[in-house]
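Subject: A structure for you to look through

Dear colleague,

I am handing over the structure below, and I would be glad if you kept it open beside this message while you read. After it come my notes on what was found.

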Amino acid sequence: AEYAANKEWKVAAAFHFLKSKDPRMEQYLIDGATIAMLRGEWLLAEDFLNNEILILKDKKNLHNEAYTRYSLAQVYSEMGNFRKARDEVDKSIQIFSKLDDTEWKNIVELWSSLLLIHEGQAEKTIEILHKAVAHYHDRDSIKEAVTRLNLGYALLQVSRFRESAAETQIA
């Protein structure tokens, strides 16, 4: 763990500090989880994030807990466990609402709309994303582009190929 920390190897440091129950793991869990997610190491990311949530709950750091739950929902979604993804994203939204953090709440709600596709409600996803595109138009070009890409994905899932291509091209 010491060697990995000195080399700034976040995943290895997080893993070894966690396994040895060294409190220094707190410095590495989020970065380690993020890198593990980028590598597609879903089980490792899940382990890091679940442990981070336990730490944050003890410290009563609600904002970071909500963000960590959002990240965990993404991990579960990538693993194909959409029920667990829904559970975590709903907890994240609830915490952001409690904190009155509307910006993060909206970001997480928008992402969670993609889960509706796997819950058999693709048309509802499309409706939500159309509204979000209209909202972001001329306000935030980055969020509009990301939302259009998600809309293109949602349209593709219901075989609306031309519309999907048009949305992704605009993005």
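What follows goes through the core, the aromatic rings, one pair of helices and two residues in loops.

Please bear in mind throughout that this is a predicted model.

To begin with the core, the largest nonpolar core has 45 residues, and those with the most contacts inside it are Leu29, Phe48, Val89 and Trp111. If you take Val89 and leave aside its neighbours within four places in sequence, you will find that Val89 is in contact with Ala73, Val108, Trp111, Ser112 and Leu115.

Tyr70 is a useful residue to turn to next. Tyr70 sits in helix 5, which covers residues 62-78, and because its relative accessibility is 10%, below the 20% limit, Tyr70 counts as buried. When residues up to four places away in sequence are not counted, Tyr70 touches Ser92, Trp104, Ile107, Val108 and Trp111. Tyr70 can also be compared in position with Lys91: the two are 21 residues apart in sequence, while their C-alpha atoms are 8.4 Å apart in space.

Now to the rings. A pair of aromatic rings is described by the distance of the centres and the angle of the planes. The structure holds seven aromatic pairs, and one of them is formed by Tyr70 and Trp111, which meet edge-to-face with 5.9 Å from centre to centre and 80° between the planes. This pair links distant parts of the chain, since Tyr70 belongs to helix 5 and Trp111 to helix 7 (residues 102-112), with their positions 41 residues apart in sequence. Both Tyr70 and Trp111 are buried.

Phe96 and Trp104 give a pair of another kind: their ring centres are 5.9 Å apart and their planes are at 15°, so this pair is stacked. Are these two residues buried or partly exposed? Phe96 counts as buried because its relative accessibility is 0%, whereas Trp104, at 24%, counts as partly exposed. Taken together, Tyr67, Tyr70, Phe96, Trp104 and Trp111 form one aromatic cluster.

The next point concerns two helices. Two packed helices are described by the angle between their axes and the distance between the axes. The axes of helix 2 (residues 10-19) and helix 3 (residues 29-39) come within 8 Å and cross at roughly 125°, and that angle is why helix 2 is called oblique to helix 3. The crossing of helix 2 and helix 3 is left-handed. On the side of helix 2 the contact is made by Lys10, Val11, Ala14 and Leu18, and on the side of helix 3 by Leu29, Asp31, Gly32, Ile35, Ala36 and Arg39. Leu29 is thus a residue you have already met, as one of those with the most contacts inside the largest nonpolar core.

Finally, please look at the backbone in two loops. Most residues other than glycine have a negative phi. Asp100, however, has a positive phi near 60°, and Asp100 lies in the loop between helix 6 (82-98) and helix 7. With a relative accessibility of 62%, Asp100 counts as exposed. Asp138 likewise has a positive phi, of about 65°, although it is not a glycine, and Asp138 lies in the loop between helix 9 (122-136) and helix 10 (141-157). Asp138 counts as exposed because its relative accessibility is 70%.

With kind regards

Notes:
Residues numbered from 1 in each chain as written. Predicted model: local features only at pLDDT ≥ 70, side-chain atom pairs only at ≥ 80, totals over all residues. Heavy atoms only, no water. Core = buried A, V, L, I, M, F, W, Y, C linked by side-chain atoms within 4.5 Å. Buried < 20%, exposed > 50% of the residue type's maximum accessible area, 1.4 Å probe, protein only. Contact = heavy atoms within 4.5 Å. Helix = DSSP H or I, 4+ residues; strand = E, 2+ residues; numbered from the N terminus. Phe/Tyr/Trp six-rings, centres within 6.5 Å; stacked < 30°, edge-to-face > 60°. Axes fitted to C-alpha atoms, helices over the stretch in contact; angles between N-to-C directions. Parallel < 35°, antiparallel > 145°, perpendicular 65-115°, else oblique. Left-handed = near helix turned anticlockwise from the far one by under 90°.
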